[in-house]
Amino acid sequence: MKRFAVTIMVASTLVAGAAHAADAIPPAKQALVNRVLQLWQIDTIGQSMLQAPVGDAVQQARAMLQGRAAPEKRDAAMADIVGEARKFMEETTPIARASADKLIPTTVAPLLAERFTEEELKQMVAILESPVKKKFEAMVPELQKKLGESVAADTRAVIDPKLKGLQERIGLRLRAAVTP
């Protein structure tokens with residue numbers, strides 16, 4: 001009980017300190033912090049955190065169904081699974097975004113204000129608003145696709161047989177595991 005009381009006191013002191021630190025930020029600097037946060041779009045972190053396990057679950061389901069179900073049953077099951085995953089994301093993304101929106105002002109914003117000067121924040125805004133940055137980001141998918149295609153073409157002769165061997169070994173182990 002005593003440990004709990006100490007934890008509560010420490011937590012309330014930290015919260016009060018964070019609130020005081022937020023109050024001490026000059027308005028011009030706070031405006032810059034807010035602009036950085038807006039341009040950075042950090043509030044999408046919750047969605048990104050959700051996408052990874054949902055994507056993994058869908059991939060695992062696809063792998064489990066491969067070779068175990070007739071193609072029409074597999075395709076129908078995968079359509080249902082993808083639909084469930086999409087529904088999950090639609091339901092949980094607003095929750096994660098609301099949480100991020102609530103927590104950003106008390107977690108990320110004070111750190112930015114504390115660790116960056118107004119001049120550095122101005123530079124960060126300039127970088128984040130840069131047309132060159134936007135042009136580069138727009139090009140990233142094309143660059144990744146081009147590199148991926150080139151790597152695939154360059155390594156296909158070596159990697160495809162190894163990949164086929166891996167798939168066969170995995171298939172053997174799965175069949176052994178599910179065979180009574």
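This is a walk through one predicted model, from its overall layout to its cores, its pockets and a few single residues.

Start with the chain as a whole. It has 180 residues. Six helices are present, and zero strands. Read from the N terminus, the order of elements is therefore simply α-α-α-α-α-α, since helices and strands are numbered from that end. Of the chain's residues, 19% count as buried. Contacts often join distant parts of the sequence. Take the contacts with a separation of 6 or more: residues 24 or more positions apart account for 78% of them.

How confident is the predictor? The mean pLDDT of the chain is 83. A value of 70 or more is reached by 87% of the residues. Confidence is lowest in helix α1, residues 2-23, where the mean is 43. It is highest in α5, at 96. The N-terminal stretch deserves a second look. Over residues 1-22, pLDDT stays under 50. For these residues the model has zero contacts beyond four places in sequence.

Now turn to the nonpolar cores. The largest one holds 16 residues. Which of them touch the most other members? They are Val33, Val36, Leu37, Ile104, Val108, Leu112 and Leu121. Helices α2, α4 and α5 (118-129) each supply at least two residues of this core. The biggest contribution is from α4, which gives six residues. A second core is separate from the first and has nine residues. Ala61, Leu65, Met89 and Ala96 are among them.

Valine 36 shows how the largest core is joined up. Leave out residues up to four places away in sequence. Valine 36 then touches Leu112, Leu121, Met124, Val125 and Leu128. Leu112 and Leu121 were named above, with Val36, among the core residues that touch the most other members.

Next to valine 36 in the numbering comes arginine 35. Arginine 35 sits in helix α2. Is this residue buried or exposed? Neither: its relative accessible area is 29%, so it counts as partly exposed. Beyond four places in sequence, arginine 35 touches Val125 and Glu129. Val125 is also a contact of valine 36. Methionine 124 gives a sense of distance. Arginine 35 and methionine 124 are 89 residues apart in sequence, yet their C-alpha atoms are 9.5 Å apart in space.

Follow the chain past the end of α2 and you reach a loop. Glutamine 41 lies in this loop, between α2 and α3. Its backbone stands out. Most residues other than glycine have a negative phi. Glutamine 41 is not a glycine, but it has a positive phi of about 55°.

The pockets come next. The largest pocket contains about 260 Å³ of space. Its lining is made up of Ala63, Met64, Gln66, Gly67, Arg68, Gln167, Ile170, Gly171, Leu174, Arg175 and Val178. Two helices, α3 (45-65) and α6 (131-178), each supply at least two of these residues. The most comes from α6, with six residues. Sorted by class, the lining has five nonpolar, four polar and two charged residues.

The second largest pocket holds about 180 Å³. It is lined by 13 residues, and those closest to its centre are Asn34, Leu37, Ile104, Pro105 and Ala109. Here α2 (27-40) and α4 (71-115) each supply at least two lining residues. The largest share, five residues, comes from α4. By class, the lining has eight nonpolar, three polar and two charged residues. Some names return here. Leu37 and Ile104 are close to this pocket's centre, and both belong to the largest nonpolar core.

One more residue rounds off the tour. Arginine 74 is part of helix α4. Is arginine 74 buried or exposed? Its relative accessibility is 18%, so it counts as buried, the cut-off being under 20%. Which residues does arginine 74 touch, leaving aside those up to four places away in sequence? They are Leu65, Gln66 and Ala69. Two of these have appeared before. Leu65 is a member of the second core, and Gln66 lines the largest pocket.

Methods:
Residues numbered from 1 in each chain as written. Predicted model: local features only at pLDDT ≥ 70, side-chain atom pairs only at ≥ 80, totals over all residues. Heavy atoms only, no water. 1 Å grid on protein atoms, 1.4 Å probe; cavity = no way out; pocket = protein on both sides within 12 Å on 5 of 7 lines; lining within 4 Å. Points joined across faces, edges and corners; volume = space filled by probe spheres on them. Helix = DSSP H or I, 4+ residues; strand = E, 2+ residues; numbered from the N terminus. Nonpolar A, V, L, I, M, F, W, Y, C, P; charged D, E, K, R; others polar. Core = buried A, V, L, I, M, F, W, Y, C linked by side-chain atoms within 4.5 Å. Buried < 20%, exposed > 50% of the residue type's maximum accessible area, 1.4 Å probe, protein only. Contact = heavy atoms within 4.5 Å. pLDDT = per-residue confidence, 0-100.
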